[in-house]
Amino acid sequence: MKDIYILAIESSCDETSASIIKNGCIEIATVVLSQMDIHRTYGGVVPEIASRNHIENITMVIEDTLKQSQLTMDDITAIAVTYGPGLIGSLLIGVTAAKTLAYFYDKPLIPVHHTAGHIYANNLVKPLEFPLIALVISGGHTDLIYMKEDYSFERIGRTLDDAVGESYDKVARVIGLEYPGGPKIDRLSEIGKNLYNLPLPLNDDSYNLSFSGLKSAVINLVHKEKQKGNSIVQEDMAASFQSRVVEILTKKTMRAVKEYHVKNLILAGGVSASKAIRNEFERLCSKDHVNLTIPQMKYCTDNAAMIGAAGYYAYKLGRRADLDLNAKATDELK
Ligand code: KG4
Ligand code: ZN
């Protein structure tokens, strides 16, 4: 069978990235240019600044990826691109670059949903085995998804308010940590103790999740302590917050694994870089004999390698976009 090389582009938020993936699972070359240092000054991603930076960098990132791969455009089978969801101005840069390449080099154009990308980051570790449950935890999404085969996404639960990564970042800001707060909360929790009494959010029989109440509980506690002239012990608050997140995520996910009778669980999205979350899922899955896959650390957060992996399966299924492909800020995973 002829090898399939996907040139993938991702620019949905503040990472400009390109990658070449062979047959959906072999990474040939990837470049990820993060704008984190630029946005840190503002305490979060500024959309207008993000899209301007994508414009400045996208050509160089694609050229670097091709150079590293030692391939030429003749070797590339198709171009895959994240068309959504994400920041519209950021998405447009990747989509325009992909359309230009597809037109100029006469290659098929494959539209990839950003969440499908996060899920297929696991295919770079080992081929997905079905049926499976995917827990997608990122800055924009928190979903529990049942997959019976490739590209079949049945959402069985979701956050009713904030995405989990969003709540990490907000809690971090409230306790005085820089953006992005997720990794800092995770690191601090290692030395902190679970001493603050926080609620276990949406502890019900559904597979839905909720994080705004937990976030508000942290904010209220910080204010109360301030009024009393006390300050929060950052590492203890980080540990208390994260332990509640870990508890509710593992509780609902492991229940879904049991109730859907699946043996395979995958984690996906930036928050799956959390050591506390990885460790607890590893412990529970080994106890319950569930096959757990978590992307490599560098492919938990946004990157084009995952888009190349997802793009390969989309390509095999005949999914194609025309040159009128447009970026979408929101879109259902299907
Ligand atoms: O998937 P991602 O890179 O972007 C979106 O698609 O949203 O996820 C970014 C989110 C941010 O909220 C960030 O704080 C969080 O992932 N994150 C982490 C860790 N690394 C990144 N959260 C907890 N622990 C980490 N180590
Ligand atoms: Zn993402």
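The following legends describe several close-up views of a predicted model.

Residues are numbered from 1 along each chain as its sequence is written, while chains are lettered from A and ligands numbered from 1 in the order in which they are written. In this predicted model local features need pLDDT of at least 70, side-chain atom pairs count only at pLDDT 80 or more, and totals for chains, interfaces and linings use all residues; side-chain values use heavy atoms, with hydrogens and water left out.

**View 1. Coordination of the zinc ion (ligand 2) by H114, H118 and D302.**
The donor atoms are NE2 of H114, NE2 of H118 and OD of D302, at 2.0 to 2.1 Å from the zinc ion. Donors are N, O and S atoms within 2.8 Å of the metal (3.2 Å for Na, K and Ca), and because water is not among the atoms, sites may look incomplete. Along the sequence the donor residues follow the spacing H-x3-H-x183-D. H118 and D302 link distant parts of the chain, 184 residues apart: H118 belongs to helix α4 (residues 114-120), and D302 to the loop between β10 (291-293) and α10 (305-316). Helices (H or I, at least four residues) and strands (E, at least two) are DSSP runs, numbered from the N terminus. Both H118 and D302 are buried; buried means under 20% relative accessible area, exposed over 50%, and partly exposed in between (1.4 Å probe, protein chains only).

**View 2. Helix α3 (residues 88-105) and its surroundings.**
The 18 residues of α3 reach 26 Å from the first C-alpha to the last, close to the expected 26 Å. That expected span is 1.5 Å times one less than the number of residues in the helix. Buried residues of α3 include S90, L91, I93, G94 and V95. Among the elements that cover the buried residues of α3 are β1 (5-10), α2 (47-69), β4 (78-84) and β5 (109-113), where contact means heavy atoms within 4.5 Å.

**View 3. Two residues with positive phi, D106 and Y151.**
D106 comes just after α3, in the loop between α3 and β5. Its phi is near 55°, a positive value in a residue other than glycine. With a relative accessibility of 69%, D106 counts as exposed. Y151, also not a glycine, has a positive phi of about 60° and is placed in the loop between β7 (142-147) and β8 (154-158). Y151 is buried, at a relative accessible area of 8%.

**View 4. Cis peptide bonds at P85 and P180.**
G84 and P85 are joined by a cis peptide bond with omega of about -10°. P85 is located in the loop between β4 and α3. A cis peptide bond also joins Y179 and P180, with omega of about -10°. The loop between α5 and α6 holds P180.

**View 5. The largest pocket, with about 1200 Å³ of space.**
On a 1 Å grid over the protein atoms alone, a pocket is an open set of points with protein on both sides within 12 Å along at least five of seven lines, a cavity is a set of points where a 1.4 Å probe fits but cannot get out, and lining residues have an atom within 4 Å of a point. Grid points are joined across faces, edges and corners, and a volume is the space filled by probe spheres set on the points. Of the 40 lining residues of the largest pocket, S138, G139, D169, Y179 and P180 are the closest to its centre. Elements giving two or more residues to this lining are α4, α5 (164-174) and α6 (181-189), and α5 gives the most, with six. The lining divides into 13 nonpolar, 16 polar and eleven charged residues. Ala, Val, Leu, Ile, Met, Phe, Trp, Tyr, Cys and Pro count as nonpolar, Asp, Glu, Lys and Arg as charged, and the others, Gly among them, as polar.

**View 6. G139 and its contacts.**
G139 lies in the loop between β6 (132-137) and β7, and is partly exposed, with a relative accessible area of 47%. Not counting residues up to four places away in sequence, G139 touches A163, G165 and E166. The C-alpha atoms of G139 and G165 are separated by 4.0 Å, although the two residues are 26 residues apart along the chain.

**View 7. The largest cavity, with a volume of about 70 Å³.**
One cavity of 30 Å³ or more is found in a search of the whole structure. Residues lining the largest cavity include N122, K126, P127, N264 and T293. β9 (264-268) and β10 each supply at least two lining residues, and β9 gives the most, with three. The lining consists of five nonpolar, four polar and two charged residues.
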